[in-house]
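Visitor: Please take me through one helix in detail. I want its packing, its faces and its end.

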Amino acid sequence: MKQNHVSPLPRTVGFGVLLLLWMLTPWASATAQPSDDPSPHSEAALVSEVETIAPGEPFTVAMHLQMDDGWHSYWKNAGDSGMASSIDWNLPEGFSAGEIQWPHPTVKEEGPLVTYGYSGEIMLLVDITPPDDLESGTEVTLAGRGDWLICEDICLPAHADLETTLSVDADATPDAEWDDAFAQARAQHPRPAEGVSVQAYRSDGSFVLELEGDDLPDEGVRFIPGEKRTISNTAPQPVMRDGDTRYLALQASEYADGSTESLRGVLLGPDGFSWSMSDRPHPALAVDAPLEGEFTGDLSALSEAGTGASSTSLSLWGALGFAFIGGLLLNLMPCVFPVISLKILGFAKKSGEQPRIMRRHGGLFAAGVVVSFWVLAGLLLALRAAGEQIGWGFQLQSPGFIALMALLFVGIGLNLSGLFELGTRLTSVGGTAQQKASGYSESFLTGVLATIVATPCTAPLMGAALGVALTMSAVEAMSIFTALGVGMAAPYVVLSSVPALLNRLPKPGPWMETMKQLLAFPMFATALWLVWVFGQQVSIDGVALLLGAFLLLGLAGWVLGRWPAMQVEGRTWMASRAVVTTVVAGALALALLGAGTGAPASASTQPTDANWQSFSTEQVDAVRDEGTPVFIDFTAAWCLTCQVNKRTTLSTESVQQAFDDKGVHLVRADWTNRNDEITQALSKFNRSGVPLYVLYPGDGSDPVLLPEVLTPQIVMDALNELPDTRNDNPELASERP
Amino acid sequence: MTRSLWTTALALLLIAGGTLAFHAEPVDDPEVDAPAPDFTLTDTNGNEHSLSDFEGEYVVLEWLNFDCPFVGKFYGSGEMPRLQETYREDGVVWLSIVSSAPGTQGHFPPDEMNARNEQEGGQQDAILMDPEGTVGQMYGAQTTPHMYVINPEGTLIYKGGIDSIPSTNVDDIDEATNYVVEALDAAMNGEEVPTKTAPPYGCSVKYAG
């Protein structure tokens, strides 16, 4: 009995397995390659435009391909994957077949790839030329084998034996059944341009297609290459407009072999667009444009977009946004803050004035800031254009500039501390036009001053935005700098144009004089710092000369204070002002003389800490090749953020210990003075200023960029991410999780 | 005072955000005559392999999808196993990489992949699983097959199609110039690789998403 009970169970299981297999089989054979159907998901047939053919008279046949929904086949250039359809003819003696006349393809995106092909129903036309000696009344059979790839998500090869039999007559007669289909197929063939001139140029390893004509679309133009090795199928094709001309930037294919002599392919407009033609509009232009030398126009904006950025507008808008925020942040920088505080004091003092006047002051301050940014940017771009290797903060690499800045700060400090007053402010007490005018120019000049003193403080966002700016066209770069300036001035414009806000500022009073005198000290501190930077760039003699210049400036200030413009007249005024002018001139001369004394013996390119090697591209590459992790500190004496990071993070014992544990090779790239090698290294990271912290893992993978504001934790975390390069050390190896 | 603290905090937040935003940099596909980027992947037997493990040896990377007819052309005909065997005897490391995402064509669990490989006669050193497509995208692999040849110094010396005739037709194999063979033979004889790149052809790599 027991045995009888045992047998049904396996049988049920066996049936279940069979059922399962049966259910799976059709599904499986549909996704794998079905060997029985030579043309899965598609059918092909050979059709002829004519019923009868005449001797020697060419006629047209077509491979008619019908594809299932969701499946597609490929154009003559399949794109990144796939394969062109083909016909291998087997024609009677004396017959010859032309090339396939391809309808224009559509663009298909397959994941990260782009292919060109067709779905639905297509006709691949071929011209056949029969021999002259055909006899009327006979029949001829045209045969061939069609091969195509039919793809959905997966691809299946397909083929069909093509055959059609036609009779020979004195005259060819069309086949009414296929007339329309052939006409429609021809309407899909790309046609040579009419009314549009197409020129092709090389452009820095890539290409530019120039289209000129009426009613060209502003965007959505797409060039589809007829050959594989010309342009990248996936790269965006940004369009630049210039009147009736459109420039299409085409990125060269990574498989281009440099032998491209012309751009051949098809030009499509945006969806539903047709190119104007004399008879009727046409969806696709045939392009065959020989490459005519290097493109000479300004395409910097286009090529930027064409080299991988997914959208020009996004990156430009993004950069503009960051520039604006960066500008806002500049107000918080230690070197800007005193100047800004002055401005706020000024606002407090004037808060009783009419809103209209306040707005004008705010606007002029903003103008001062923006104009200064333009001047700096213009200078930067002009020097770039002249081939100079410079970056943001370049002016601080000049000792002369540093010296003049230091003098300026000392001067402002002396003025604030009350040693002297600048004339115009006290000359008239009444609300005369003159006073207003001088007040206005002061607002403007405060803007200028704020900008000049802000430049050393490359705020982190500003560094990135400027890095982008310098790779862009001049117009775009200027927009970035404008955004920076607007960002910096924004708080004051807002403050000055909203009376409610102004009213919340403290009331003017004697406290303002105290505050003003107090603000002299940040000014002197800034001057001190500049002297320190100056000392990195020149010798101790230079520093002494600069301090001498300060002394003379103090003297000039005293003279101005002792004989103020209000109280002296005639010869005294003349004499005192002559002395001031001479002494100031002497101060300037001393400062510049000091700047010319040249670098100190221990040039700042020599790092002071023993653990740090000075920067050389060659050496860094060599160390990286050895598989050693490398940390590069791009810094400069005049970069405050850099100095802070150095003190609070890089020089701390814990961080030094962590570097040591990981065997990291430390490199300091000191950009205090001009150094083309470092400028180039910075530009590799799309930066134009310091600080920049780069950590190369030892395994040859991409470098890690650390934030511009460092904490020991950030550095330690980055170091912990390093692949363990000391596998030979069992102690370390066992510590790994 | 409180207000300025808030302002400072906000500023720091913006700095951090902005800094992060700028750190996402596009990675370019590797170029020939430049170092081939390192990667680590697990093979069908559960062993990890890194490209850097094979320093000092020639390495061939072959993007693989057994159900792709272009791949079928080379395995069905026995050509791919023959090449793998021949060059492995010469000390070349041959790695087949499968970047098909789970659920797409060409992806199999490791055991099934091994069984399939045995059936196809594969003679490679290892089949590496790249289901997230990370390495495929790092190398810019577009098609199956898509071939990369790396010299003992770790420099990419060839990338592109396996040969010069894009088709699924087995008969074309003998007619075509095999660029991998050409590159390996030239480099091993100390000669310049005649064709450093050629357009890849085949099925699209079935990346995730």
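Guide: Here is a close look at helix H19 of chain A. This is a predicted model, where local features need pLDDT of at least 70, side-chain atom pairs count only at pLDDT 80 or more, and totals for chains, interfaces and linings use all residues. Residues are numbered from 1 along each chain as its sequence is written, chains are lettered from A, and side-chain values use heavy atoms, without hydrogens and water.

H19(A) covers residues 653-661. Helices are DSSP runs (H or I, at least four residues), numbered from the N terminus. The partner is H21(A), residues 712-720. The two pack at about 10 degrees, with axes 10 Å apart. Axes are lines fitted to C-alpha atoms over the stretch in contact, and angles run from 0 to 180 degrees between N-to-C directions. The pair is therefore roughly parallel (angles under 35 degrees).

From H19(A), A:Ser654, A:Val655, A:Ala658 and A:Phe659 meet A:Pro712, A:Val715, A:Met716 and A:Leu719 of H21(A). Contact means heavy atoms within 4.5 Å. By class, seven of these residues are nonpolar, one is polar and none is charged. Here Ala, Val, Leu, Met, Phe and Pro are among those that count as nonpolar; Asp, Glu, Lys and Arg count as charged, and Ser falls among the others, as polar.

Now the faces. A:Val655, A:Gln656, A:Ala658 and A:Phe659 are buried (under 20% relative accessible area, 1.4 Å probe, protein chains only). These buried residues fall within an arc of 160 degrees, so they line one face of H19(A). The arc uses directions from the helix axis to the C-beta atoms. On the other side, A:Glu653 and A:Asp660 are exposed (over 50%).

Last, the end. A:Gly663 follows H19(A), with a positive phi near 65 degrees.

Definitions and conventions: Parallel < 35°, antiparallel > 145°, perpendicular 65-115°, else oblique.
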